[in-house]
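Grab a pencil and work through these exercises with the model open beside you. Try each task yourself before you read its solution.

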Amino acid sequence: FVPIPQLALYQKMIKEKGLIEELEKKFSGKQVMILGERRIVRKESRNTRQLKQKRPYSRSLTAVHESILDDLVYPNGIVAKRQRFRSDNSRLLKVSLHKDSDINQDKLDTFSKVYKTLTGKDVNFEF
């Protein structure tokens with residue numbers, strides 16, 4: 001996790017200099033991801049009216065989970081997102097990435113596991 005003000009700098013280094021590849025070489029082939037350190041603020045309810053300011057959208061649960069997803073697949077862009085409702089009332093988020101990306105299936109599985117660990121939501125990545 002990196003602080004949000006420095007995230008743009010790290011993403012620039014990922015895109016230009018291949019920071020992820022260098023870190024994976026250094027850590028002997030383990031997969032490396034750089035995410036922003038985000039904070040979720042509770043939604044205001046009747047019992048928590050002491051807040052002096054309105055909660056910004058960037059601190060909401062939905063915005064934080066979307067940002068985590070964007071950070072996970074950063075060098076590649078997300079083309080489409082679909083939410084599938086299964087018959088047992090569970091949800092599966094299907095995320096389509098650009099076809100010209102050089103990501104293998106192992107990395108996609110790692111993305112799914114990391115996203116499930118951080119957010120508790122199931123996600124399926126495809127091209």
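**Exercise 1.** Find which residue in S3 stands opposite leucine 93, and work out how the strands are put together.

Solution, step by step:

- Start with the pair itself: leucine 93 stands opposite valine 123 in S3. This is a predicted model, where local features need pLDDT of at least 70 and side-chain atom pairs count only at pLDDT 80 or more, while totals for chains, interfaces and linings use all residues. Residues are numbered from 1 along each chain as its sequence is written, and side-chain values use heavy atoms, with hydrogens and water left out.
- Now count the links: S2 and S3 run parallel and are joined by four bridges. Another of the partners to look up is serine 96, whose bridge partner in S3 is glutamate 126. Helices (H or I, at least four residues) and strands (E, at least two) are DSSP runs, numbered from the N terminus. Two strands pair if DSSP finds at least two bridges between them.
- Then look at S1: it pairs with S2 in the antiparallel sense, over seven bridges. Here glutamine 83 stands opposite leucine 93 in S2.
- Check the turn too: the hairpin of S1 and S2 has five residues between the strands, and asparagine 89 there takes a positive phi near 65°.
- Put it together: you get an open sheet of three strands in the order S1-S2-S3, with mixed pairing. S1 and S3 are the edge strands, each pairing on one side only. From one strand to the next, the twist averages 20°.

**Exercise 2.** Which side chains along S3 are buried, and which are not?

Solution, step by step:

- Recall the general pattern: in a regular strand the side chains alternate between the two faces of the sheet.
- Apply that to S3: Val123 and Phe125 point to one face and are buried, while Asn124 and Glu126 point to the other face and are not. Buried means under 20% relative accessible area, exposed over 50%, and partly exposed in between (1.4 Å probe, protein chains only).
- Follow Phe125 inward: setting aside residues up to four places away in sequence, it touches Leu69, Val73, Val95, Leu97, Leu108, Phe111 and Ser112.

**Exercise 3.** What covers the buried residues of H3?

Solution, step by step:

- Size up the helix: H3 (residues 61-72) has 12 residues and reaches 17 Å from its first C-alpha to its last, close to the 16 Å expected at 1.5 Å a residue. That expected span is 1.5 Å times one less than the number of residues.
- List the hidden ones: the buried residues of H3 are Ala63, Val64, His65, Ile68, Leu69, Asp71 and Leu72.
- Name the cover: it includes helix H1 (4-17), strand S1 (78-85), strand S2 (91-97), helix H4 (105-119) and strand S3 (123-126). Contact means heavy atoms within 4.5 Å.

**Exercise 4.** Is serine 112 buried or exposed, and what does it contact?

Solution, step by step:

- Place it: serine 112 is found in helix H4.
- Judge it: with a relative accessible area of 17%, serine 112 counts as buried.
- Find its partners: leaving aside neighbours within four places in sequence, serine 112 is in contact with Val123 and Phe125.

**Exercise 5.** Which residues touch the most other members of the largest nonpolar core?

Solution, step by step:

- Know the term: a nonpolar core is a set of buried Ala, Val, Leu, Ile, Met, Phe, Trp, Tyr and Cys residues joined through side-chain atoms within 4.5 Å.
- Pick out the hubs: of the 15 residues in this core, Leu69, Val95, Phe111, Tyr115, Val123 and Phe125 touch the most other members.
- See who contributes: H3, S2, H4 and S3 each supply at least two residues, and H3 gives the largest share, four residues.
- Spot the other one: apart from this core lies another, of six residues, among them Leu7, Leu19, Ile20 and Ile34.

**Exercise 6.** Is arginine 42 buried or exposed?

Solution, step by step:

- Locate it: arginine 42 is found in the loop between helix H2 (19-26) and H3.
- Decide: its relative accessible area is 60%, so arginine 42 is exposed.
- Gauge the distance: 27 Å separates the C-alpha atoms of arginine 42 and valine 95, which are 53 residues apart along the chain.

Note on methods:
Axes are lines fitted to C-alpha atoms, for helices over the stretch in contact, and angles run from 0 to 180 degrees between N-to-C directions.
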